[in-house]
Amino acid sequence: MLVKLELEKLGIYCHEIELGRVKTINTPSIEQLHDFRLALESAGLELIDNKKIILVEKIKHTIIELVYKFDAPLRTNFSDYLSNKLDFDYTYLANIFSETTGSTIEQFIIRIRIDRVKEMILYNELTLTQISWKLHFSSVAHLSSQFKKITGMTPSQYKNITVISPMLRQNV
């Protein structure tokens with residue numbers, strides 16, 4: 001909404017807005033683009049005009065969407081899913097991602113999945129087995145080893161710390 005509003009203030013009308021891309025009806029002038037960039041920056045956003053960075057943001061968005069929204073087991077692996085969803089060869093996507101972020105897609109997927117595990121542990125509604133299944137880990141042991149590799153602690157230790165921390169704050 002903010003992007004659309006700022007564009008319209010500048011007399012630029014768009015017919016499609018999606019992550020990392022805006023299709024305008026008329027071609028904006030250099031001055032309008034400059035003003036638009038400033039308006040976005042004042043709102044804490046950034047105008048990205050580098051196609052590689054835009055693609056990396058789409059990769060990240062697709063991964064986050066997959067980890068947070070899809071509960072059913074995948075019928076395909078992450079690499080095939082990304083290739084199909086973004087319509088690029090996975091090797092190309094992986095190279096662009098690594099070149100731009102200094103990290104691999106696989107490392108990013110693991111970090112996002114572990115962030116999601118942390119949230120689910122905090123909600124305390126599911127067992128570790130259920131979390132493992134829901135986030136497509138092959139087993140609880142696999143989830144635990146990935147969790148420890150990223151956080152330096154086991155899921156149980158993390159749960160104990162997050163349960164104890166609020167209690168400590170109340171006693172202080």
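Where is the place of asparagine 124? Asparagine 124 sits in the loop between helix 6 and helix 7 (128-134), and we will come back to its backbone below.

**Overview**

First, a word on how to read this structure. The model is predicted, with local features requiring pLDDT of at least 70 and side-chain atom pairs counting only at pLDDT 80 or more, while totals for chains, interfaces and linings use all residues. Numbering runs from 1 along each chain as its sequence is written, and side-chain values use heavy atoms, with hydrogens and water left out.

The protein contains 9 helices and 2 strands; helices (H or I, at least four residues) and strands (E, at least two) are DSSP runs, numbered from the N terminus. Along the sequence they follow the pattern α-β-β-α-α-α-α-α-α-α-α. Of the 172 residues, 27% are buried, where buried means under 20% relative accessible area, exposed over 50%, and partly exposed in between (1.4 Å probe, protein chains only). About 11,200 Å² of the protein is exposed, 55% of it supplied by carbon and sulfur atoms; these accessible areas come from the Shrake-Rupley method with a 1.4 Å probe, and for residues only the protein chains shown count as cover. Contact here means heavy atoms within 4.5 Å. Among contacts between residues at least 6 apart in sequence, 47% join residues at least 24 apart.

Confidence is given as pLDDT, the predictor's confidence in each residue, from 0 to 100. The protein averages 85, and 90% of the residues score at least 70. Among the elements, helix 8 has the highest mean pLDDT (95) and helix 9 (residues 155-171) the lowest (69). Where pLDDT is low, the predicted coordinates should not be read in detail.

**The largest core**

A nonpolar core is a set of buried Ala, Val, Leu, Ile, Met, Phe, Trp, Tyr and Cys residues joined through side-chain atoms within 4.5 Å. The largest one has 29 residues, and Ile59, Ile63, Leu82, Ile105 and Val117 have the most contacts inside it. Helix 3, helix 4, helix 5, helix 6 and helix 8 (140-151) each give it two or more residues, with the largest share, 8 residues, coming from helix 6. Beyond its neighbours within four places in sequence, isoleucine 105 touches Ile59, Ile63, Leu82, Tyr90, Leu93, Ala94 and Phe97.

Helix 4 (residues 78-86) has Phe78, Tyr81, Leu82, Ser83 and Leu86 as its buried residues. They pack against helix 3 (51-69), helix 5 (90-101) and helix 6 (105-123).

Glutamine 146 lies in helix 8 and counts as buried because its relative accessibility is 10%. Setting aside neighbours within four places in sequence, glutamine 146 is in contact with Ile110, Ile114 and Phe137. Phenylalanine 137 also has arginine 113 over its face, at 3.8 Å from the ring centre; a charge sits over a ring if NZ of Lys or CZ of Arg is within 6 Å of the ring centre and within 35 degrees of the ring normal.

**Around helix 1 and helix 2**

Phenylalanine 36 belongs to helix 2 (residues 30-42) and, at 5% relative accessibility, counts as buried. Apart from neighbours within four places in sequence, phenylalanine 36 meets Val3, Glu6, Leu7, Leu10 and Leu47.

One of those partners, valine 3, is placed in helix 1 (residues 2-9). Valine 3 is partly exposed, because its relative accessible area is 22%. With neighbours within four places in sequence left aside, valine 3 is in contact with Ile17, Val22, Phe36 and Leu40.

Two pairs show how residues far along the chain are placed in space:

| Pair | Apart in sequence | C-alpha to C-alpha |
|---|---|---|
| Phenylalanine 36 and leucine 10 | 26 residues | 7.5 Å |
| Valine 3 and alanine 39 | 36 residues | 9.1 Å |

**Two positive phi values**

Which residue with a positive phi follows helix 4? That residue is aspartate 87, with phi near 60°, although aspartate 87 is not a glycine. Aspartate 87 is found in the loop between helix 4 and helix 5 and is exposed, with a relative accessible area of 68%.

Now back to asparagine 124. Its phi is near 55°, a positive value in a residue other than glycine. Asparagine 124 is partly exposed, with a relative accessible area of 48%.
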